[in-house]
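Let's take a stroll through a protein model together. Keep the picture open while you read, and look for each part as it comes up.

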Amino acid sequence: MTGAATGAVIRPIREADLAGYLACLDRVARERIYLAFAEAPSPEQVQSFLGQMIRRGLPFVVAEHEAAIVGWCDIFAAADSGQRPGFGHVGRLGMGLDEGHRRQGLGEAMLRAVLDLTAGCNIERVELEVYASNEPAIALYRKFGFETEGTRRRARKLDGRYDDILMMARLRPPQM
Ligand SMILES: CC(C)(COP(=O)(O)OP(=O)(O)OC[C@H]1O[C@@H](n2cnc3c(N)ncnc32)[C@H](O)[C@@H]1OP(=O)(O)O)[C@@H](O)C(=O)NCCC(=O)NCCS
């Protein structure tokens, strides 16, 4: 999909990426800073999530460098069902990169790629939660038009430190 100056490639995720994606997710989770979990969910849970994302054509890209998955960015949307109608246009964004691959333009390239893909699946509102201490991510989201809609104060207390959670969202026209 996209080449980057770093030699990494941004491309849609495939079923065969399960192990690489799981490992990357686990590495970023174990930093205990940026994500809501401190290790990756089970392989079965991740496989089920990945299968659903691919089957439903939801936006999901990875950054691949020398045959290893070093980052991901996805937008999950609940299926607009008869039981819970009215939310099919809302997507929830998650992303991360291995530490050694940050600050080289890959986050921006992945985010641009998934936002471009939202048009094809009618996602109009993309929302996310980010720790207030995560200045790099907040700056990236703002750069793409995400706005803070609220703050969950002292929402996390981990390793003796509190952090607020910002709720951010980006709307694409038509805005109603
Ligand atoms: C957030 C993250 C995905 C950004 O990706 P990245 O590849 O490092 O960012 P890029 O190099 O593409 O930079 C794009 C923009 O992000 C912002 N940014 C990235 N790193 C930054 C930093 N260290 N300080 C301030 N702004 C930063 C800037 O706005 C930058 O634009 P600029 O180059 O014009 O200043 C990456 O830092 C990461 O994976 N962090 C850990 C996991 C995480 O936080 N996930 C998000 C959870 S909500």
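## Around the ligand

The residues of the shell around the ligand split into eleven nonpolar, five polar and five charged. Here Ala, Val, Leu, Ile, Met, Phe, Trp, Tyr, Cys and Pro count as nonpolar, Asp, Glu, Lys and Arg as charged, and the others, Gly among them, as polar. Before going on, note that this is a predicted model: local features need pLDDT of at least 70, side-chain atom pairs count only at pLDDT 80 or more, and totals for chains, interfaces and linings use all residues. Residues are numbered from 1 along each chain as its sequence is written.

Of the 21 residues around the ligand, Arg102, Gly107, Glu108, Pro136 and Leu140 come nearest. A residue is near a molecule if its C-beta atom, placed from the backbone, lies within 6 Å of it. Strand S5 (90–97), helix H3 (106–118), strand S6 (125–131) and helix H4 (135–143) each give at least two residues to this shell. Helices (H or I, at least four residues) and strands (E, at least two) are DSSP runs, numbered from the N terminus. Which helix supplies the largest share of the shell? That's H4, with six residues.

## Strands side by side

Strands S4 (residues 68–77) and S5 run antiparallel and are joined by seven bridges. Two strands pair if DSSP finds at least two bridges between them. S5 and S6, on the other hand, run parallel, with three bridges. Find arginine 92 in S5: its bridge partner is phenylalanine 76, and arginine 92 also stands opposite glutamate 127 in S6.

S5, H3 and S6 together make a right-handed β-α-β unit. Right-handed means that, with the strands pointing away from the viewer, the path from the first strand over the helix to the second runs clockwise.

Now slide into the loop between S4 and S5, where aspartate 80 sits. Aspartate 80 touches Pro85, Phe87 and Gly88, not counting residues up to four places away in sequence; touching means that the C-beta atoms, placed from the backbone, lie within 7 Å. Its C-alpha atom is 9.6 Å from that of valine 90, ten residues apart along the chain.

## Two helices, covered and open

Is H3 mostly covered or mostly open? It is mostly covered, as ten of its 13 residues are buried. Buried means 20 or more other C-beta atoms within 10 Å of a residue's own, exposed means 12 or fewer, and partly exposed is in between, with C-beta atoms placed from the backbone. Among the buried residues of H3 are Leu106, Met110 and Val114.

H2 (residues 43–55) has zero buried residues out of 13, so it lies largely in the open. The expected span in the table is 1.5 Å times one less than the number of residues.

| Helix | Residues in helix | Expected span | Distance between end C-alpha atoms |
|---|---|---|---|
| H2 | 13 residues | 18 Å | 18 Å |
| H3 | 13 residues | 18 Å | 19 Å |

For H2 the two values agree, and they agree for H3 as well.

## Some backbone oddities

Most residues other than glycine have a negative phi. Arginine 32 has a positive phi of about 60° although it isn't a glycine. You'll find arginine 32 in the loop between helix H1 (18–29) and H2, and it counts as exposed because 12 other C-beta atoms lie within 10 Å.

Arginine 154, in strand S7 (residues 147–158), has a positive phi of about 45° and isn't a glycine either. With 11 other C-beta atoms within 10 Å, arginine 154 is exposed. Glycine 57, just after H2, takes a positive phi of about 65°.

Technical notes:
Two residues are in contact if their C-beta atoms, placed from the backbone, lie within 7 Å.
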